[in-house]
Every structure is written in C-alpha cells, then in structure tokens.
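Please open the model in your viewer and keep the sequence panel beside it. The stops below are given as selections, each followed by what is to be found there.

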Amino acid sequence: MADRDRDWDFHLRTLSNIARDSNVANDPASDPNVLLSVRRLYELCKAENSEDLVARVYPQFNKIFQRSVSSLSQSRTSNGLLLLAILQFFIDFGEVVLHDADSSLKTFFRSCLSREFADLIVAEAVLEFLNTNQNKFLTSFPTLLPQFYPLLLKLIAWNGEKLEKPFLRIFPALISPGSFLPMFPSLIDFPILVVALERVERSSGSLVGNNIASIQKSKVPEMLLALMDEAYTGSTIGDGGGDSGTEASSTIDVADPLFLELLKDENDGLSERHWNSPGMTAVIQIAINTAQSDRLKQMLNVTPRILDVYFSVALQDVNNSLICALIPLLMSRNSTLLPDKAFSYKVRKRLLEFMLAAFQRSPDFIALLKKPIINRLGEAYDNPAKTELALQLCWAIGEHGGGGRSHKDAARELFESLELLLYENLLSSRLGLRQDSGDNSSGESFRKSSQSRLLCFVITAIAKLATYHRELLPRARVSLGKVARSRTSDARVWTRAHDYLGLLSDTGISLSILGPSKPASKEAHNPGTVNWSQGGTKMVAHIPFYILHEQGPPFHDFSFSDILPRR
C-alpha cells in the first residue's frame, strides 16, 4: 500500500511539475514521461476504484488534454497516444467527474486523428481503442463513429492490410441509418481514395501532422490542375514537360469538388459522385497509366472483403427502406468501377449477389423499383457490365413474378420491357457490345454467345411472369412463338422457347416447373413440391397429383417410407 501511495504521489507530482514548465506545458506530448504518468495514474484509478483518486487526477488530465489539442498545429511530436490514454479515462470515469466524453472524442477526431491517421502507430492504437470500447460507443455515443466514418476509411486506406482485421471488427459500428447509404460510394471508391491521398502526399509532403482539410482549402485548385495535367499530358506543372496548355486541359474546371468529397473527414450525407467529371477522369487515368503502388494493390484486395461485411450487416440489421434505396445506387455503380480487371470482377460479383439476396428477402422491391429496373434493361447493349446486370434483373423478375401476385400493374410494365428487349434482339444481328480485341472471330463468337444468353434469360422471365400472372399468358405465347419460329437465332434459344410454349399449355405442369419457388402464404401449397418431413404419411401415388396440382386420393397404399431410406 505504501509503495502504491508513493507511486501515485510521484506521477501526480510529475504532471503538476510539467504543468508549471512553460516549455513542456505548451506541448505536453513532447515529454515521454507525461504519457507514462497518465497511463500509470489511470491504472491506479482502475485498480483502486476510488472516486476520491479519480477526482484528484481529473483536473490534471483535463488540463493536459486541452493543452495538447491547442498545440497540435505547432507540435512536432505525435499527440495521438497521449490523447487516447486520457480519453480512456474520460470514458471510464466520466460519470464520476461529470465529464461529457462525447465532446472530447469529437475534438480528438477533428483535431488529432485528422492529422495523424497516416501514422501507423497511432492508427493501430485508435483501432484498439475503438474495439475495446465498442459497446460503450454503441450505447453511449451511437452517432459518433457513423459521423466520422470517412476519416476512419482514410485510416484503413492509407495503412492497408496491416490493419484490416482490427478495422473489420469495428466496421459494423460505423454503419447506422445515417451513414449506410453515403458509405456505399466511399467503399466502392476505396482505390480512388488511395490514389487521391498519394497525390496529396506528393504535392504537399507527408500526411502525418498535416490536416488535409486545410490543404484542401489552400491547394485544391493547384493539386487538381497538376493531377489533370499529369493524366492528360504525362507531365506535371512543375517540370514544364508536355503541353499543359492543350485544349483538353484548358477546358477543365479546377474547382472540381472531387477532392473535397473524397478527402472529407465527416459524414455530410449522400452526394453524387460524377464518374465522368474531369477530376475523376484524371484520377482514373493516373491509376491506369502508372504502376500501381503497394498501397493501392492492398486496397484492391481489401475492398471486396470490406464489402462482404457491409452487405452482411445490411441483410441482418438494416431496414427494408434503406436497402430498397441502396439498390438503384448499386445498379448505377455496377458499371462505374476502377478499371482493374480482378478488382471489378470481385466487386461486381458481390454487388449482384447482394441485389439478388435483397430481392429474395423482399420480392416487392422489384415492383417498387420497376422504373430503374426498366432503365437498366434498356442499357443491356452498352457494355458487358450492363449486360450482366440486365441478365440478373431478368432472372429476378421471372423468379419473383415481377414483385408478386399483388403487383399486377408493375408486372405488366416489366413484361412489356422484356418484350421490347426480346424483339430488339430478334431484329438485330448483333448485341452492340464493343470488343477491343483485334480477333474478329473471337469477338463475333463472344457477341453471339452474349446474345443467346440474354435471349435465354429474357424468354425464361417472360414464361415465368406469364405463369405468375395468367392475364399475360396470351402475350407470352405470341412472344415465345416468334422466337420458336425464328431459325436465325441460336438453336438453344428457339428450342427453349418451343419447350416453354409446351409447358404453358398445361397449367398444372407450368406451375410446377415455372411457378414460385416458395408459396405466397404459409397455408398455400405449391404444385410439384412435397413436404418431405411428412414423407411417412404420403403415398407414392401422390406424386402425379402434386405435379398436376390435384389432391385426390391414391389408388394404393405404398407410402414414401417404403422407398426412402430410414435413419
């Protein structure tokens, strides 16, 4: 006990002496003893659990915190570790000393982390601090992390795979109703953020200790002009190479808000990122024309894994209205990704899988989003990415009956769009996909394969819609009949159309094969399906009755238990 008291008095006296030393008082982090004393005093308060000791320490801690924050712009030493140690005290003992830690946390994010996110040691300590206090953040400060998610994304973008695991542990806490939608473009553009940060570092020096917000205000026009000049002419303004006065660069608006949007520290809502803006085009050109840095390569690998967590949280915790609002944004960004082949494939795969999972969970989304879906179907000719999106939308429309039996008007409009897409492909000998390959035979083969695949998806969706909504059956027969009689298309296409015509002629069989995969209500029974848990009570002769959507009695008494293996 005596040793602990001497230890306590020593560290408390150390802080008091430092407060009187003008050289250290103006920059407390410059003396490493300050951090040691703060940590030791916190440990003693935690061990003793004494309100009296906490009350004695608090004034010193609060004074050091305020002085450290005020000295950040002039300090040459890192303040992150010291401020985090004090913040931990505020979080644990704030109620005892009546200190609102929320304002101190916001001050730390805005004043310190915005300057030191590029410092690996500080970044590791921040993620450890956030993970340790994750439950307290969720209960006591639920809006804090969603507010500063852009700053934390910069932290992981700059430090890469080294911090991926601790970042993924805290990442779900960044997602809230207010950050869910604005976060999506930021995640998709992670590699673009890396390129922008690296450009800032080359233009303005090390990011450690510099507040990017102040750099933005003073140097955005110069950085953007240099960035665009490098992208379009292969030179920078400073080296005088290239033709920086070309028409391409002279027409660029240097007030492009791209940098302000990419490098922001706080969530200010969903803002549209114009992929074809001069600033974005310049960043893309640099990413394509220059060798990828190790940092960029890491984020190309990390981004899909972060998206996995984002979509998993969305399906588990996010309400349907936000997911419904995300899908049009997802469809618009499907074809606007950083043109890295492996990265774009991984990201598009996840985008489409999430979209289909959302439709599976809430089929009525298809009816609610009929306008953007119809628009995407009309873009099926533009490029392979949009063609693949159209294929998946066709599948979803057919699988879920255009939103369900209660959405007949939406189903009719979607059916008409499918008809139009079908007739356009029948009348056209090519899909319109431009291939960069010089091999004409390869390009022609790809075109025919894409056209056949699209037609197969479309006619399947038409047949399924007509099965859901019987009023569409006459039109479906006309459409499929035209395909079946069209011998100019792939044999697989007109054969499939001919088969569907045969199925549609028998209501029970078409319902069994093309009908919904799950009943519209718990009491309903789908033809062609058997509840195998009741196999012991069902008769073998029930099988044709299930297929024909009839529930008549069997003529013999052989049960499923006679043919199914027993456990």
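The tour below goes through a predicted model, stop by stop.

Begin with helix α1, residues 2–20, and select Thr14, which is found in that helix. Is Thr14 buried or exposed? With a relative accessible area of 16%, Thr14 falls under the 20% limit and is therefore buried. Now add Phe10 to the selection: a polar atom of the Thr14 side chain lies 2.8 Å from the backbone oxygen of Phe10.

Move next to the loop between α3 (32–48) and α4 (51–70), where Asn49 lies. Most residues other than glycine have a negative phi, but Asn49, although not a glycine, has a positive phi of about 55 degrees. Asn49 is also exposed, its relative accessible area being 65%.

A second loop to select is the one between α5 (80–97) and α6 (101–116), which holds Leu98. Leu98 is likewise a residue other than glycine with a positive phi, here near 55 degrees. At 76% relative accessibility, Leu98 counts as exposed. In soluble globular proteins, nonpolar side chains tend to be buried together, and the next stop shows a set of buried residues of that kind.

For this stop, display the largest nonpolar core, which has 160 residues. Which of its residues touch the most other members? They are Phe89, Tyr310, Met355, Phe359 and Ile373. The helix that gives the most to this core is α5, with 11 residues. Centre the view on Ile373 and, leaving aside its neighbours within four places in sequence, look for its contacts with Met331, Phe359, Ile366, Leu393, Ile397 and Leu414.

Finish at helix α13, residues 190–204, and place a distance between its end C-alpha atoms, which are 21 Å apart. That separation agrees with the expected span, because 15 residues at 1.5 Å a residue should cover 21 Å. How many of the 15 residues of α13 are buried? The number is 11, so the helix is largely enclosed by the rest of the structure. To see them, select Phe190, Pro191, Ile192, Leu193, Val194, Val195, Ala196, Leu197, Glu198, Arg199 and Val200, which are buried in α13. Just after α13, the last selection is Gly205, which takes a positive phi of about 95 degrees.

Definitions and conventions. Residues numbered from 1 in each chain as written. Predicted model: local features only at pLDDT ≥ 70, side-chain atom pairs only at ≥ 80, totals over all residues. Heavy atoms only, no water. Helix = DSSP H or I, 4+ residues; strand = E, 2+ residues; numbered from the N terminus. Buried < 20%, exposed > 50% of the residue type's maximum accessible area, 1.4 Å probe, protein only. Expected span 1.5 Å × (residues − 1). Core = buried A, V, L, I, M, F, W, Y, C linked by side-chain atoms within 4.5 Å. Contact = heavy atoms within 4.5 Å. Polar contact = N/O pair within 3.5 Å; in protein donor to acceptor, adjacent residues only side chain to side chain.
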